[in-house]
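Work through the exercises below with the model open beside you. Try each task before you read its solution.

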Protein chains: 2
Amino acid sequence: MLRAAVELADAVGIDAVSMRRLAQELGVVPMALYKHVANKDQLLDGMVDVVLGEIEPADPDLDWQAAVRARVLSARRAVLRHPWARQAIESRTHRTPTVLGYMDSLAGTFRRGGFSADLTHHVMHALGNRIWGFSPELFDEPPAPDAAPPSAEEQQALAAEFAARYPHILEIAVAATGDDLSGVGAGCDEQFEFEFALDLLLDGFDRLRAQGWSSARR
Amino acid sequence: MLRAAVELADAVGIDAVSMRRLAQELGVVPMALYKHVANKDQLLDGMVDVVLGEIEPADPDLDWQAAVRARVLSARRAVLRHPWARQAIESRTHRTPTVLGYMDSLAGTFRRGGFSADLTHHVMHALGNRIWGFSPELFDEPPAPDAAPPSAEEQQALAAEFAARYPHILEIAVAATGDDLSGVGAGCDEQFEFEFALDLLLDGFDRLRAQGWSSARR
DNA sequence: GTTGACAGGTGTACGGCGTACACCTACCGT
DNA sequence: ACGGTAGGTGTACGCCGTACACCTGTCAAC
């Protein structure tokens, strides 16, 4: 049933996954689902667990940095396979055993790499959702081209207005796209951004570890 | 009306903010709201804009690092004043002018600090949601004490089970709480974690800027 | 071989949601 | 005096999660 839910979400998006719809997909009456999960929240928890189950186990032969990197990128692959997972993970407030298990295992990698429990704690916070293989998208998806695209003049006017109001964003978009600019903010290379930030953080972690950083408060 | 919506969300939480409930609060019929917003999504957008409006403007006298730090911490104060804002911001997919304006202004701070447009782009991605003053909570809120707390024995058993399954998390919790351990994961010092990660990132950014980093791809 | 527990499917119903659509009213510039 | 417009109204539809009472088949214990 969790598998069916995952497939349904893959197919129609997480918002369209309702108890009723899922039941229909399973050829069953909605209330039947409640024999397997207590409520919809628990269904979502289970679906997230399925996705997290796809994360490859840690490779014990790698040093901590490579191991964390590999693990997180594996998580990313899992999340990218299920476009709804990002939102689902963000919305979960409960920590299931699967979630805890993954976090524990990742923490273990840091510990074995010579991080104190203290520092491990803080670096995992610093990674934040990157643990799960994603970070927020700063800009929109390419704005779904619904209805007639604005005429050339309108587009011109819009672009001018945008340039005047948000010069720095424009500049960035130009730099990022090699000034073709077709559709401002038409999608960053998310994978690049993810690895950029990840490596930046791992580098910083290594520096702190090397200098024997310890939390100063209290 | 947006103000009323914000106050309502402050009072009862974002999930309890429905068009009907908000209308009731305003002494008006639900459909009346649709004269002011096109739909509920737009209402949420507007509410987020109100919160972002509370962020203090950039101080032009600070160097880039202090300026970004101050700005982001101001955003954090705004978000913490409205506990629902975090979730609301995460759920928004649309970029309102307010959102774009804030991002543009922050990008400007980097640019004036000597960052290339290219590097500015990537560091803003690296900050991710920290731009808005928050990062995901790794662990639960203290698990709302509903119903009878488990008996001492049960608690013992639970703790033992937990220790066996998640030794590293336990270790971290011990390190973080000074081993009193009343309720595992009983809340981290989120403010500390936030600033820890923020400073780590700002440090990394500075190193990249100083060495004239430029994106290598393409 | 009967029985009783239990896993799991069924049917009905309730209260809530967002919002489409047609309508009404008060005001204001002409 | 009048037409447009901003904003409030009332009704209705189709969705949602899920409480509650009920039914059915399987299987172990007696």
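## Exercise 1: a glutamate and its contacts

Task: find which residues A:E193 is in contact with, leaving aside its neighbours within four places in sequence.

Solution. Start with the list: A:C188, B:H121, B:H122 and B:H125 are in contact with A:E193, once neighbours within four places in sequence are set aside. Contact means heavy atoms within 4.5 Å. Next, place the residue. A:E193 sits in helix α10 of chain A, residues 190–210. Helices here are DSSP runs of H or I with at least four residues, strands are runs of E with at least two, and both are numbered from the N terminus. Last, check burial. A:E193 counts as buried because its relative accessibility is 3%. Buried means under 20% relative accessible area, exposed means over 50%, and partly exposed lies in between (1.4 Å probe, protein chains only).

Two notes on the conventions. This is a predicted model, where local features need pLDDT of at least 70, side-chain atom pairs count only at pLDDT 80 or more, and totals for chains, interfaces and linings use all residues. Residues are numbered from 1 along each chain as its sequence is written, chains are lettered from A and ligands numbered from 1 in the order in which they are written, and side-chain values use heavy atoms, with hydrogens and water left out.

## Exercise 2: chain A as a whole

Task: state how many helices and strands chain A has.

Solution. Count the elements: chain A has 10 helices and zero strands. Read along the sequence, the pattern is α-α-α-α-α-α-α-α-α-α. Then look at burial: 44% of the 218 residues in chain A are buried. Now take the chain A contacts with a separation of 6 or more. Residues 24 or more positions apart account for 69% of them.

## Exercise 3: an aspartate in the first helix listed

Task: decide whether A:D10 is buried, partly exposed or exposed.

Solution. Locate A:D10 in helix α1 of chain A, residues 2–12. With 34% relative accessibility, A:D10 counts as partly exposed. Now list its contacts beyond four places in sequence: A:R81, A:H82, A:P83 and A:W84. Finally, compare C-alpha atoms. A:D10 and A:A85 are 75 residues apart along the chain, yet their C-alpha atoms are separated by 9.2 Å.

## Exercise 4: the nonpolar core

Task: name the residues with the most contacts inside the largest nonpolar core.

Solution. They are A:F205 and B:F205, in a core of 124 residues. A nonpolar core is a set of buried Ala, Val, Leu, Ile, Met, Phe, Trp, Tyr and Cys residues joined through side-chain atoms within 4.5 Å. Nonpolar side chains tend to be buried together in soluble globular proteins. Follow A:F205 next. Leaving aside neighbours within four places in sequence, its contacts are A:W64, A:F110, A:F115, A:V123, A:A126, A:L127 and B:L200.

## Exercise 5: two helices of chain B

Task: compare the span of helix α6 of chain B with the span expected at 1.5 Å a residue.

Solution. Helix α6 covers residues 97–112, 16 in total. From first C-alpha to last it reaches 22 Å, close to the expected 22 Å. The expected span is 1.5 Å times one less than the number of residues. Its buried residues include B:V99, B:L100, B:Y102 and B:M103. Just after α6(B), B:G114 takes a positive phi of about 100°.

Move on to B:A117, in helix α7 of chain B, residues 117–127. B:A117 counts as buried because its relative accessibility is 11%. Beyond four places in sequence, B:A117 touches A:E171, A:I172, A:A175 and B:R111. B:A117 and B:A107 are 10 residues apart in sequence and 8.4 Å apart, C-alpha to C-alpha.

## Exercise 6: DNA strand C

Task: find which of the 14 residues around DNA strand C come nearest.

Solution. They are A:K35, B:S18, B:R20, B:Y34 and B:K40. A residue is near a strand if one of its heavy atoms lies within 4 Å of it. Now take the polar contacts (pairs of N or O atoms within 3.5 Å). A polar side-chain atom of A:K35 lies 2.8 Å from a base oxygen of DNA strand C. For A:V29, a backbone N or O atom is 3.0 Å from a phosphate oxygen of this strand. For B:K40, the backbone atom lies 2.9 Å from a phosphate oxygen.

How values were computed
Polar contact = N/O pair within 3.5 Å; in protein donor to acceptor, adjacent residues only side chain to side chain.
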